[in-house]
Protein chains: 2
Amino acid sequence: MERPRAVLLSQGDEVLTGQTVDTNAAWLAERLTDLGFDVVLQMTVGDRLDALVAATRQCFEAGEVLICTGGLGPTQDDLTSQAVARVLDTELRLDADELAHIRALYAAFGRTMAASNEKQAWLPATAEALRNDWGTAPGFSAEHAGSVGFFVPGVPREMRSFWDHRIRPALLRRFELPGERLRTLRCLGIHESKLATLLKPFEDVDGMVLGFRTMLPENQVKLRFAPGVSAEREAELVGAVREAIGRSVFGVDSGPVEAVIGELLAEAGETVATAESCTGGGLSATLTSVPGSSRYFLEGACVYANAAKARTCGVEPAVIDQHGAVSEPVAIAMARGIRERVGATYGLGTTGIAGPGGGTPDKPVGTVHIAVATPDDVLHRKLRLAGSRERIARLTIGSALDLFRRHLQGRTDFVRTPA
Amino acid sequence: MERPRAVLLSQGDEVLTGQTVDTNAAWLAERLTDLGFDVVLQMTVGDRLDALVAATRQCFEAGEVLICTGGLGPTQDDLTSQAVARVLDTELRLDADELAHIRALYAAFGRTMAASNEKQAWLPATAEALRNDWGTAPGFSAEHAGSVGFFVPGVPREMRSFWDHRIRPALLRRFELPGERLRTLRCLGIHESKLATLLKPFEDVDGMVLGFRTMLPENQVKLRFAPGVSAEREAELVGAVREAIGRSVFGVDSGPVEAVIGELLAEAGETVATAESCTGGGLSATLTSVPGSSRYFLEGACVYANAAKARTCGVEPAVIDQHGAVSEPVAIAMARGIRERVGATYGLGTTGIAGPGGGTPDKPVGTVHIAVATPDDVLHRKLRLAGSRERIARLTIGSALDLFRRHLQGRTDFVRTPA
């Protein structure tokens, strides 16, 4: 099917000086694509009126939908309303409702609105105001050249709320879009190329569009269903795709793997502790990034020095002497040792050579051992990773979490799907 | 002075579908700005020849310099050479040197070049090849409409090498740029607005351009010197700006604060251990992200549960009962306890309420205590932070490292500057 075209425009010198990485553009691009749009152009321009007018005109003409972020603040640099008014060949007009709303916001915080903030309520006369319930600057939408444009603040938190509550609903009303029904299968421990091969048979299924997204080490499979597909058919297809991928799926429309692990542990009343070397605390930081993780995360040990491995995890110095700190016996002893010391249900251990120094012909940089100690046994995996110190740590964390959740999900033989 | 204009063009559907955050654009924008260019436009277009031709033409016309990333691979989607040839009104021509180089690269890896790779050596006839010493796809530069364009691979590692070794030197030859002499003062524990006020007197210094960059929680002051400024005058101005900011400067042209801390510890033959609660291991992960940190980082404890604080840091349960786990006495006991347990020169402790749950009227979300135990005393600081769980953890890590480096630098009364 022919997809409607969408265009993204970012305004602000801070992007063009490299002060800010424009995460808004990627965030919006992903959501527009998920919804069924074809994003054909993204532009960033600075705080100059003539450049902004030209870019706005170009973007309106390049797609059926334009989303512009930034340039709605109270300062002289904020020129979006002015530029759009010029493109629409209209005047700026004070929107009394929006002005009253801004005033009320300030009053609620016990402050008086600065005179400069009035500027934010001057909108193009033919535009429709979009109420900002998450900050002071109103957004607005406008029609031009047969297209619709949405102009919203560049603050990511506000921009995202505008998308959820103003833009997305408006797009669903205006266009026939398949992406209203997006299902995401989240996978660990499988390569994108393997996924693509496994899912070849699903490439030409009527009413379903297959997409991939890689967020190292995770791979996501995205299924978008056309409006005509029944709920039963959708469930059947999601099930078939999941079946084709197998155990590498850790969740459908779920949170990240650390959240899935957290839910499983909390439900079972179980706990976990970590002992890390090459990941330096990154594994415990990932597990505790989940709100409420204090219910099941008891203690983490970053046992960098060999003495620390002995002191805190009870790793026998003789084992380190015999096998080296980066070895299967040490990873296992770390996982077992921290589990016993802390009295947790599970212990996770990581040890490896993250580089750039420290490699040997026998154990080159990227050699990593991970282990999961359970009440009954220990799982171990050896990894050969490539790349920077940061990348090796990140992949080690992902692999350890993957090994752990495979154990947890294997026991329950269950892939979480929300109701 | 009037700055030459630069334009950035990214090519690739993966950016427009939100698959990839375009970090290349921000990376290049920062370096172009540092060098003295005015980046006036950034565009991203997908894998369509007509769109790419139009965008390339527009970018050549919008600035004196164009840098285009992506679209140089061996597949059908990679259309940059073709698009540029059309803009230059020329043909594609097989570059025998580049073809030989690609073949040699494959041979060096014991592989045969695929036929499709020959495509990468077909460059616009009037372009100049730029040798790729970091991958297979050659880049090229071309002149059009009085401007120069550089076309390089989109793989960040290769793109950065092209910048360092091909583009930057060419720009320095072609333009009179002040940014050849950029000095960066890295600051922690000071707000951008405070910095701006302190440095007002330096706004109109002849031959020096003052800039700021925020990378929460760090703030950087960038000084760009015009070619006419002598080395003595440059040193004098850098010294004066450093003096004006004071102890908040942790380095001039240095690495990040964890690297500065690492150098100070390694030189003094001293060691450190960490005990973390609300930062969940992120503090030890940051300290150990520095290559060679095993010289001074001994052990980290992520003592999330109260029992863990007692077990590993010797925090008396009575102290937790009396003051709560998030309190000055507990932060201090954690720092002291881990220092003693591990036998390190220094112990760092963090405890706080990262949210979103767990706050009380007395101790709202964002209440954090950090402590540094030294051989002689303990430093403590209470923080009131706002924002997400992730942001509170990040700011706590930054504050703990700042407190620690202030102690280390106070002793030596020395801000590192490379020779």
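What follows is a walk through the sheet, the chain-chain contact, a helix pair and some unusual backbone spots in a two-chain model.

The model is predicted, so local features are taken only at pLDDT of at least 70 and side-chain atom pairs only at pLDDT 80 or more, while totals for chains, interfaces and linings use all residues. Residue numbers start from 1 along each chain as its sequence is written, and chains are lettered from A, with ligands numbered from 1, in the order in which they are written.

Start with the sheet. Helices (H or I, at least four residues) and strands (E, at least two) are DSSP runs numbered from the N terminus, and two strands pair if DSSP finds at least two bridges between them. On that basis, 12 strands make up an open sheet with mixed pairing, running 6(A)-7(A)-8(A)-3(A)-1(A)-2(A)-2(B)-1(B)-3(B)-8(B)-7(B)-6(B). At the edges sit strand 6 (128-130) of chain A and strand 6 (128-130) of chain B, each pairing on one side only. Neighbouring strands are turned by 20° against each other on average, direction ignored; axes here are lines fitted to C-alpha atoms, for helices over the stretch in contact, and angles run from 0 to 180 degrees between N-to-C directions. Within chain A, strand 1 (residues 5-11) and strand 2 (residues 38-45) pair in the parallel sense over seven bridges, and Leu8(A) has Gln42(A) in strand 2 of chain A as its bridge partner. Helix 6 (residues 156-174) of chain A packs on this sheet, touching strand 3 (65-69), strand 6, strand 7 (139-144) and strand 8 (147-152) of chain A. The direction of helix 6 makes about 165° with that of strand 8 of chain A.

Next, the contact between the chains. Counting two residues as in contact if their C-beta atoms, placed from the backbone, lie within 7 Å, 48 residues of chain A meet 49 residues of chain B. On the chain A side, the elements that give two or more residues are helix 2 (23-35), strand 2, helix 10 (282-287), strand 14 (297-302), helix 11 (306-313) and helix 14 (389-412). Strand 2 of chain A gives the largest share, seven residues. By class, the chain A side has 23 nonpolar, 19 polar and six charged residues; Ala, Val, Leu, Ile, Met, Phe, Trp, Tyr, Cys and Pro count as nonpolar, Asp, Glu, Lys and Arg as charged, and the others, Gly among them, as polar. Strand 14 of chain A also pairs with strand 14 (residues 297-302) of chain B, in the antiparallel sense and over three bridges. There, Cys302(A) has Gly300(B) as its bridge partner.

Back inside chain A, the axes of helix 3 (residues 49-62) and helix 4 (residues 80-88) come within 9 Å and cross at roughly 55°. The two helices are therefore oblique to each other (angles under 35 degrees count as roughly parallel, over 145 as roughly antiparallel, 65 to 115 as roughly perpendicular and the rest as oblique). Their crossing is right-handed, meaning that the near helix is turned clockwise from the far one by less than a right angle. Helix 3 of chain A brings Leu49(A), Leu52(A), Val53(A), Thr56(A), Arg57(A) and Phe60(A) to meet Thr80(A), Gln82(A), Ala83(A), Val84(A), Arg86(A) and Val87(A) in helix 4 of chain A. This contact has seven nonpolar, three polar and two charged residues.

Now for the backbone. Most residues other than glycine have a negative phi, and most peptide bonds are trans. Asp89(A), in the loop between helix 4 and strand 4 (92-94) of chain A, has a positive phi of about 60° although it is not a glycine. Asp89(A) is exposed, with 9 other C-beta atoms within 10 Å (20 or more other C-beta atoms within 10 Å make a residue buried, 12 or fewer exposed, and anything in between partly exposed, with C-beta atoms placed from the backbone). In chain B, Asp89(B) comes just after helix 4 and takes a positive phi of about 60°. Phi of Asp253(A) is near 55°; this residue lies in the loop between strand 12 (249-252) and helix 9 (257-268) of chain A and counts as partly exposed, with 13 C-beta neighbours inside 10 Å. A cis peptide bond joins Leu216(A) and Pro217(A), with omega about 5°, and Pro217(A) is found in the loop between strand 10 (208-215) and strand 11 (218-225) of chain A. In chain B, a cis peptide bond joins Leu216(B) and Pro217(B), where omega is about 5°.
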